[in-house]
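Q: Please take one strand of this model and examine it closely, beginning with its pairing. Please then follow the account outwards to the other parts of the chain.

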Amino acid sequence: MKHAKRLPSLMLGLSVMAANIPAWAAEAAGTYTSATGGTGGPVAGELNLQPPATQIASEIYSLHTWMMMVCLVIFVAVFGVMFYSIFKHRKSLGHKPATFHESTAVEIAWTVVPFLIVIGMALPATRTVVGMKDTSNADITIKVTGMQWKWGYDYLKGEGEGISFLSNLSTPRSQVGAPGFEATEKRGDNYLMEVDQEVVVPVNKKIRLVTTANDVIHSWSIPAFGVKQDAIPGFVRDTWFKAEHTGTFRGYCSELCGKEHAFMPIVVRVVSDADYSAWVAAKKKEMAALADDPNKTWTIDELKTKGEKVYAANCVACHQANGKGIPATFAPLDASPVVTGPKAEQINVLLHGKKSGKYGTEMPAWKQLSDTDIAAVITYTRNSWSNKAAENIVQPAEVVAARK
């Protein structure tokens, strides 16, 4: 009975200790970068959650630790009493089983005590969940579009409005290898956790993410931010984060989305306000330089050269470098009736996608590509491999007209 009376005090002490663990971690580790080994992502041999970089992630960390402590205390108390009773009251010592039935006091106790424990755990968890869903008063809003197998980002509101780009895995295929083929290059420190274009946001600013997808369900996740939000075709979901540390943070698509699921990482670089303003200015200048006049008439060689780059960045994973596709999964482009037939049909497929039922994976829409990119990649496919289409060139103006 004396020990039972001390249990509430013990529980309170453990909860205070658990709540302070993230603070201890931050003090011991210094900056967030050093706490994660400089990767901004998972660290080899790590046994706990990643060090939190946002207030919500800190609350999740504390809740996780606190509830583990509660479970540990319950485990020790229950099994301790059970094993003590078995050991001290065993038959070999001459003990005989008691003959009694119900005990109203015990029945009330084992109903009320667990109820109070559950309520004690649910209240702080509910507060955190409600906070996770509060996307109001955001400083910057970014639309995140999942697609097989990359991420599209559009800055919709706040500083940087109008910026748009695709983020692809940048780890070379020579480090990855292929089924039946070993990698030919040593893997880097950020193997499968690096991209060609990072999401850049300012520190201590509320960033609202609006997620969707254009093919299957994906999931945008950065563990250090305490963020994991599904991106569902035809639906819009939102979440938010406010990073308290500058640095680079890494995550992955967390929803099984197809054969290249492991190859669509997420990288967010958090910078100072001044550095963010400089990045916005540079990015807008870069976009302006890349913007092509859709009314310009391109030569076939110009379109083929540009189209080869667009194909390598967006199409090669499914349709393969030789245009043969993957049997029963992805359609071939070499000798394809769509590619060698009237160009209007191929333009329509790229703008709106296609599901023929003949292949396991449908062709998604690629509206996010520029008119020039679509015209270039179509021209490239119509003049590559064994293809010798009669209508062998598509101008950007034709794609503009097809969008209407």
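**Strand β10 and its surroundings**

A: In β10, Arg269 is the bridge partner of Val200. The model described here is a predicted one. Strand β10 covers residues 265–271, and its pairing with β4 runs in the parallel sense over 4 bridges. Another contact of this pairing places Val199 opposite Val268 in β10.

On its other pairing, β10 is joined to strand β9 (residues 247–252) in the antiparallel sense, over 6 bridges. Here Arg269 of β10 appears as the bridge partner of Thr248. Arg269 is therefore named in a bridge with Val200 and in a bridge with Thr248.

How far is β10 enclosed by the rest of the structure? Of its 7 residues, 6 are buried, so the strand is largely enclosed by the rest of the structure. Its parallel partner β4, which covers residues 199–202, is covered on both faces. Val199 and Val201 are buried on one side of β4, while Val200 and Pro202 are buried on the other. Val199, opposite Val268, and Val200, paired with Arg269, thus belong to opposite sides of β4.

The account now turns to aromatic rings. The count of aromatic pairs in the model comes to 13. One of them joins Phe79 and Phe83, whose ring centres are 6.1 Å apart and whose planes meet at 35 degrees, so this pair is tilted. These two residues are 4 apart in helix α3, which means that about one helical turn separates them. Phe79 has a relative accessibility of 34% and so counts as partly exposed.

Which arrangement do the rings of Trp220 and Phe241 adopt? Their centres lie 6.4 Å apart and their planes are at 10 degrees, so the pair is stacked. Trp220 belongs to strand β6 (residues 218–222) and Phe241 to strand β8 (residues 237–241), so the pair ties together parts that are 21 residues apart in sequence. Trp220 and Phe241 are both buried.

Another group of rings forms one aromatic cluster, made of Tyr153, Tyr155, Phe165, Tyr276 and Trp279. Phe165, a member of this cluster, also has Lys283 over its face, at 4.9 Å from the ring centre. A further lysine, Lys206, has its charged end over the ring of Trp240, 4.5 Å from the centre of that ring.

Helix α3 also contributes to the surface. A nonpolar patch there is formed by Leu72, Ile74, Phe75, Val76, Val78, Phe79, Met82, Phe83 and Ile86, which together have about 830 Å² of accessible area. Phe79 and Phe83, the tilted pair, are both members of this patch. Phe75, another member, lies in helix α3, which covers residues 55–88. The relative accessible area of Phe75 is 49%, so Phe75 is partly exposed.

Ile300 offers a contact between parts distant in sequence. Ile300 is placed in helix α7 (residues 300–314) and is partly exposed, with a relative accessible area of 27%. Between its C-alpha atom and that of Val394 there are 8.6 Å, although the two residues are 94 apart along the chain.

Finally, some features concern the backbone. Most residues other than glycine have a negative phi, and most peptide bonds are trans. Against that background, the peptide bond from Gln148 to Trp149 is cis, with omega near -5 degrees. Trp149 is in the loop between β1 (140–147) and β2 (150–157).

Asn137 is not a glycine, yet has a positive phi of about 55 degrees. Asn137 is placed in the loop between α4 (104–133) and β1, and with 72% relative accessibility it counts as exposed. Gln320, likewise a residue other than glycine, has a positive phi near 70 degrees. Gln320 is found in the loop between α8 (316–319) and α9 (337–340). With a relative accessible area of 27%, Gln320 is partly exposed.

Notes
Residues are numbered from 1 along each chain as its sequence is written. This is a predicted model: local features need pLDDT of at least 70, side-chain atom pairs count only at pLDDT 80 or more; totals for chains, interfaces and linings use all residues. Side-chain values use heavy atoms; hydrogens and water are left out. Patches are made of residues with over 30% relative accessible area and no salt bridge: like charges are joined within 9 Å, nonpolar side chains (Val, Leu, Ile, Met, Phe, Trp, Tyr) within 5 Å. Accessible areas come from the Shrake-Rupley method with a 1.4 Å probe; for residues, only the protein chains shown count as cover. A salt bridge is a side-chain nitrogen of Lys or Arg within 4 Å of a carboxyl oxygen of Asp or Glu. Buried means under 20% relative accessible area, exposed over 50%, partly exposed in between (1.4 Å probe, protein chains only). Two strands pair if DSSP finds at least two bridges between them. Rings of Phe, Tyr and Trp (its six-membered ring) pair if their centres lie within 6.5 Å; planes under 30 degrees apart count as stacked, over 60 as edge-to-face and the rest as tilted. A charge sits over a ring if NZ of Lys or CZ of Arg is within 6 Å of the ring centre and within 35 degrees of the ring normal.
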